[in-house]
Amino acid sequence: QPSVVRELLLLQGPGKSCEKSPAWLRKACGVVLSRRLLQASGVLSVTTALFDMSQGSSENSDDASSKIPEMVASLVIRFPQQASSRSSYYRNLCTQAVDLVSLKRPMSHGLRQTGAAVILAICD
């Protein structure tokens with residue numbers, strides 16, 4: 001799933017690669033990305049895709065990686081039009097964020113930071 005999410009993010013933006021993407025394509029990618037977020041481990045997939053993308057960026061990898069928690073948080077707090085209800089949408093995302101914060105595997109610090117950023121953004 002992270003590779004699909006990565007491609008959707010590239011098509012949707014923001015970035016130089018998609019400045020020429022038509023509005024209908026960006027909107028369609030947003031709809032699919034919102035659906036992916038709501039699937040099991042959707043927030044993890046988005047976060048993993050962004051971390052993968054940051055490793056290949058020309059920008060300093062550590063600088064790019066440090067921005068990811070806030071990027072994910074700002075992405076997920078936007079309530080999509082196709083979601084059935086705000087409470088179920090945010091409940092789903094909070095559950096996933098708590099799962100990220102609870103990770104105990106090696107190299108998961110960035111994932112835990114992302115989970116915390118999502119929880120804080122939803123609570124604001």
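**Group meeting: a threonine, a helix and a salt bridge**

Okay, let's start with threonine 114, which sits in helix 6, residues 109-123. Keep in mind that this is a predicted model. So, is threonine 114 buried or exposed? Buried: its relative accessible area is 0%, and the cut-off for calling a residue buried is under 20%. And what is threonine 114 in contact with, once you leave aside its neighbours within four places in sequence? You get Thr47, Phe51, Ile68, Pro69, Val72 and Leu100.

Hang on to Leu100, because that one is also on the list of buried residues of helix 5. The others on that list are Tyr89, Tyr90, Leu93, Gln96 and Ala97. They cover an arc of only 125° around the axis, so they end up on the same side of helix 5. As for the helix itself, residues 86-101, we've got 16 residues, and at 1.5 Å a residue they should span 22 Å. The end C-alpha atoms are 22 Å apart, so that agrees.

Now, salt bridges. How many does the count come to? Just one. The partners are the side chains of aspartate 52 and arginine 6, at 3.6 Å, N to O. Aspartate 52 is in helix 3, residues 42-55, and arginine 6 is in helix 1, residues 2-12, so the pair ties together parts that are 46 residues apart in sequence. Both ends are partly exposed: aspartate 52 has a relative accessible area of 38%, and arginine 6 comes in at 24%.

That's my tour, thanks.

Technical notes
Residues numbered from 1 in each chain as written. Predicted model: local features only at pLDDT ≥ 70, side-chain atom pairs only at ≥ 80, totals over all residues. Heavy atoms only, no water. Salt bridge = Lys/Arg side-chain N within 4 Å of Asp/Glu carboxyl O. Helix = DSSP H or I, 4+ residues; strand = E, 2+ residues; numbered from the N terminus. Buried < 20%, exposed > 50% of the residue type's maximum accessible area, 1.4 Å probe, protein only. Expected span 1.5 Å × (residues − 1). Arc of directions from axis to C-beta. Contact = heavy atoms within 4.5 Å.
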